[in-house]
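Me: Could you take a close look at one part of this chain for me, and explain each term as you go? I would like to follow the charged side chains and the pairs they form.

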Amino acid sequence: MPLRNHHHHHCHISYLTLTFRRCFATKYSGRVVNEADNGRSFAVEVESPALQTDIRGYVLPRRELICKISQILHSPKSATSDPFLDLTEYLQTLAITPTPSEVSEILKTIRSPSKALSFFRFCASSIPNYCHDFFTYNRILLIMSKASSFSDSHRLDVVRSVVDEMSRLGVKGSISTVNILIGIFEGTELERCLDLVKKWDLRLNCYTYKCLLQAYLRSNCSNEAFEVYVEMRKRGYKLDIFAYNMLLDSLDKYGKVDKAYKVYADMKGKHCEPDEYTYTIMIRMTGKVRKPEGSLSLFHEMLTKGCAPNLYAYNTLIQALAKNRMVDKAIHIFSKMVDNNCCPNEFTYSVLLNVLVAEGKLGKLDEVVEISKDFMNKSVYAYLVKTLTKLGHANEAHRLFCNMWNLHDKGDKDAYMSMIESLCNAGNYLVWTTTEKVECLPRYFAVCLIWFSMSENIHLSLG
């Protein structure tokens, strides 16, 4: 019994050994053609092996060849060696011609776009009986599309030369070629991509339409982008949320309100839920066309859908309300913004400040400051003082400046300079009658104020 178990265990080990044995991808055969007199060296002529194919008939890449050529190309260039000369010698020694799929794999391993382009051109010019196909052309175009080390003009020149070479050699690209080119080209050259679709007898798919739409939007061609969108709808294709937002933003930017509403309605009809960016774009657009109630409705819908407004969304709604002179509602949204722990920025305060000045309700600035007291710091006070000074409201600027003294140990240099400028521009006889003493002022501010007083002959009463 133990002997039988031992035999069974031995067979199991043999089975595992046979199962996990790794064979070479390519086998070579050859014959000795020359031998030295001492028998220590000889030359072998290697016959080119038959390339293996998969079940569809495509030639399988030779991994050992890909690794060897990649290793040669990655070796540093020196005074005594050049990677491309070494590669030429290697290929001539073995009389091997890489296939296009192997060249494509090698191009993937090269990190330098300039070296990848050199190898691409080397294959066509220096390897006998080799011709690029659309796989390798796609690969080099994809590499060029991401070649950040090239200038834009140089990169586009290289891409144009590659496309011209394809046309000259009669190589038909695929729809992937068109997609890559659409991602590279802009403006009028997008028409060239559409001409290639007709020339190569290709059909646009959903992804190609998306690429084309986004390319037109990047080129600020909103009309062409909308036409692509209409064509997509006819074919039953849908956009993703990112493309919808890009299109809505462009239509809003160029004042195409009716088209934007149509896209927004289609978007919801296609069961593509708007996100916070979609709602922000629509709030901005309704604010521009003097429909503040629509902006508020969209904002409440956004909250109902569970979208969390960010700083940009709050600022957009406050701006929309301010443009329509709705001061109280703008301040109400501002208070909700603060309640949700969303910190206002300078733009928020500038919008509120401008509408308060325009509506003659600057007294409500104290309410704004009180609401956001947890976020008020020296830089915010400095901004408000500077803005009020520029708008010609010296008294309000002075009052905010005094609040900054009371709430902070140290003031802000910009606020000091703005306050000094405001005081000195207020008139030739400015009387300082507040209860503050000179001793409580920072030395920098006191010195600057005395200097301005002397230069402008301002009489300063110290109380």
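Reply: What follows looks at the salt bridges and then at the surroundings in which they sit. This is a predicted model, in which local features need pLDDT of at least 70 and side-chain atom pairs count only at pLDDT 80 or more, while totals for chains, interfaces and linings use all residues. Residues are numbered from 1 along each chain as its sequence is written, and side-chain values use heavy atoms, with hydrogens and water left out.

A search of the whole structure finds 20 salt bridges, a salt bridge being a side-chain nitrogen of Lys or Arg within 4 Å of a carboxyl oxygen of Asp or Glu. One of them joins Asp-164 to Arg-192, with the closest N and O atoms 2.6 Å apart. This pair links distant parts of the chain, since Asp-164 belongs to helix α7 and Arg-192 to helix α9 (residues 190–199), 28 residues apart. Helices here are DSSP runs of H or I with at least four residues, strands are runs of E with at least two, and both are numbered from the N terminus. Asp-164 counts as partly exposed because its relative accessibility is 39%, and Arg-192 is also partly exposed, at 26%; buried means under 20% relative accessible area, exposed over 50%, and partly exposed in between, with a 1.4 Å probe and protein chains only.

Helix α7 (residues 152–169) also holds Arg-155, which counts as buried because its relative accessibility is 15%. Leaving aside neighbours within four places in sequence, Arg-155 is in contact with Met-144, Ser-145, Ala-147, Phe-150 and Ile-184, where contact means heavy atoms within 4.5 Å.

A further salt bridge lies between Asp-266 and Arg-233, whose closest N and O atoms are 3.0 Å apart. Here too the pair links distant parts of the chain, with Asp-266 in helix α13 (residues 257–269) and Arg-233 in helix α11 (residues 222–234), 33 residues apart. Asp-266 is buried, because its relative accessible area is 14%, whereas Arg-233, at 33%, is partly exposed. Salt bridges that share partners also join Asp-249, Asp-252, Arg-284 and Lys-288 into one network.

The salt bridge between Lys-108 and Glu-105, at 3.8 Å from N to O, lies within one helix: both residues belong to helix α4 (residues 100–109) and are three residues apart, about one turn of the helix. Glu-105 is partly exposed, because its relative accessible area is 23%. As for the chain around these pairs, it contains 23 helices and two strands, and buried residues make up 42% of its 463 residues.
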